[in-house]
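These are my notebook entries from a session with the model open beside its sequence. I wrote down each thing I looked up, in the order in which I came to it.

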Amino acid sequence: MSEPNRRIVLAERPTAAVEARHFRLETGTRPACPEGCAIVRNHYLSIDPTIRDWMDERKSYLPPIALGAPIRSGAMGEVVESKLPDWKPGDIAATLGTWEDFSVVDGRMMGRKITPIDGVPLSAQLGVLGGNGLTAYYGMVEVGAPEPGQTVLVSAAAGGVGSIAGQIARIEGARAVGIAGSDEKCAWLVDELGYSAAINYKRENLYDAIRAACPDGVDVFFDNVGGEVLNAALAHINVGARVVLCGAISQLGAKKLPPGPANYVFLLTRRATMRGFVTMDYVQRWTETSAVLADWVQSGELRWRDHIVEGLENAPSALLGLFAGDNIGKMLVRL
Ligand SMILES: NC(=O)c1ccc[n+]([C@@H]2O[C@H](COP(=O)([O-])OP(=O)(O)OC[C@H]3O[C@@H](n4cnc5c(N)ncnc54)[C@H](OP(=O)(O)O)[C@@H]3O)[C@@H](O)[C@H]2O)c1
């Protein structure tokens, strides 16, 4: 008899903020394995702001999720059936999967084969050693390119990407300053991750606080938030600064987009650049970069935290939680 398969599908497209009613839990049976695919029993789902973007009708860097289809997300699990030459039952895969017990994963979306590392929980393979770590690495090293002694400002600094990005800046010899939404998050950044200073943007005047925390100005701004936070940071950039557009969570699901940052003119007077990047563009380098991140994790230079929500049925509330700032570190769902 077929095994049951629970899945969470897109019930309705949000036109503003994502809400629980946009999802529906369905129960069916474990799917058959088509040619060119594998069936993966999911153990962890990666909860990322970009899922909100894929729920829209317009195409972003990937096609929209179809109405009624399971929610697409990063995932990790065990191959239970395979029609792919390089994958066999028992392999652990970090995939572009779906919010289901069992995902049908096309060969092109199988991603990395995971070799567990002693002393490092499997969940870290989706966070610090997976999409978050890779994003922080390419955004910081390739786009931000901080030099020793420079000041690097990071927004959403206590989140999955931001918590790693500031540490990479520190490893590169720069001084990292974080912006986050609670005193507890700010304390974690400074006391445990080696950030030099942290700003609680919900409690402090952001313009004044950035000036105080970055007395020599900002050489790299790694932005995960957009909107007012980006605007405030632009007012403090130095000549030749690099503004790294990693994400704009404040705009995902906004009913009306705010006007462009008024302080963009600082890019002109400070001869600075503002550049976006997408981690998928570096796919050929993922394995090599994961090894660099693993070395830093094993040497203790890179620390991380996973915020784990239990149960597939709670995946929608975990996604909503990203927009409420519920997480410290990487948001994941364990099945
Ligand atoms: N370019 C790429 O290839 C790529 C790849 C992956 C992710 N990203 C982007 O990277 C960013 C971080 O992603 P993540 O997965 O690591 O998420 P995350 O930072 O772990 O979670 C989002 C955090 O953003 C903050 N936030 C939410 N709404 C906000 C608002 N309106 N204003 C200010 N802060 C807000 C919250 O923390 P607070 O408590 O601090 O408010 C929340 O914890 C996102 O923008 C994502 O889209 C880009």
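Entry 1, two alanines. I looked up Ala156 and found it in the loop between strand 8 and helix 3. This is a predicted model, so I note its backbone angles as computed values: Ala156 has a positive phi of about 45° although it is not a glycine. I then asked whether Ala156 is buried, partly exposed or exposed. With a relative accessible area of 30%, Ala156 is partly exposed, because buried would require under 20% and exposed over 50%.

I put Ala145 beside it in my notes, since phi of Ala145 is near 45°, again a positive value in a residue other than glycine. Ala145 sits in the loop between helix 2 and strand 8 (151-154), and helix 2 is the element that Ala145 follows. At 34% relative accessibility, Ala145 counts as partly exposed.

Entry 2, helix 2. How many of the 14 residues of helix 2 are buried? I find 12 in helix 2 (residues 131-144), so this helix is largely enclosed by the rest of the structure. Among the buried residues of helix 2 I noted Asn132, Leu134, Tyr137, Tyr138, Met140 and Val143.

Entry 3, strand 5 and its partners. Strand 5 (residues 92-98) is mostly covered, with 6 of its 7 residues buried. I followed the pairing outward and found that strand 4 (residues 72-82) runs antiparallel to strand 5 and is joined to it by 7 bridges, while strand 7 (residues 112-113), also antiparallel to strand 5, is joined to it by 2 bridges. Which residue of strand 5 is the bridge partner of Gly77? The partner is Ala93, and Ala93 in turn has Lys113 as its bridge partner in strand 7.

Thr95 also lies in strand 5, and its relative accessible area of 8% makes it buried. The side chain of Thr95 reaches the backbone nitrogen of Gly97 at 3.4 Å.

Entry 4, Asp56. I found Asp56 in the loop between helix 1 (50-54) and strand 4. Why does Asp56 count as buried? Its relative accessibility is 14%, and the cut-off for buried is under 20%. From Asp56 I took the C-alpha to C-alpha distance to Ser163, which is 28 Å in space, across 107 residues in sequence.

Entry 5, the ligand. There are 26 residues around the ligand, and those that come nearest are Gly160, Val161, Lys185, Tyr201 and Asn327. By class, the shell around the ligand divides into 13 nonpolar, 11 polar and 2 charged residues. Helix 3 (160-171) and helix 9 (315-324) each supply at least two residues of this shell. I also checked the domains, and the shell draws at least three residues from each of domain 1 (4-127 + 304-334) and domain 2 (135-279).

For the polar atoms of the ligand, I listed three backbone neighbours. An oxygen atom of the ligand is 2.8 Å from a polar backbone atom of Val161, and an oxygen atom of the ligand is 2.9 Å from a polar backbone atom of Gly181. A nitrogen atom of the ligand lies 3.0 Å from a backbone N or O atom of Cys246. What percentage of the area that the ligand exposes alone does the protein bury? Taken alone the ligand exposes 920 Å², and the protein buries 88% of that.

Conventions:
Residues numbered from 1 in each chain as written. Predicted model: local features only at pLDDT ≥ 70, side-chain atom pairs only at ≥ 80, totals over all residues. Heavy atoms only, no water. Near = heavy atom within 4 Å. Polar contact = N/O pair within 3.5 Å; in protein donor to acceptor, adjacent residues only side chain to side chain. Areas by Shrake-Rupley, 256 points an atom, 1.4 Å probe, with all protein chains shown as cover. Nonpolar A, V, L, I, M, F, W, Y, C, P; charged D, E, K, R; others polar. Domains from an automatic or database assignment. Buried < 20%, exposed > 50% of the residue type's maximum accessible area, 1.4 Å probe, protein only. Pairing = 2+ DSSP bridges.
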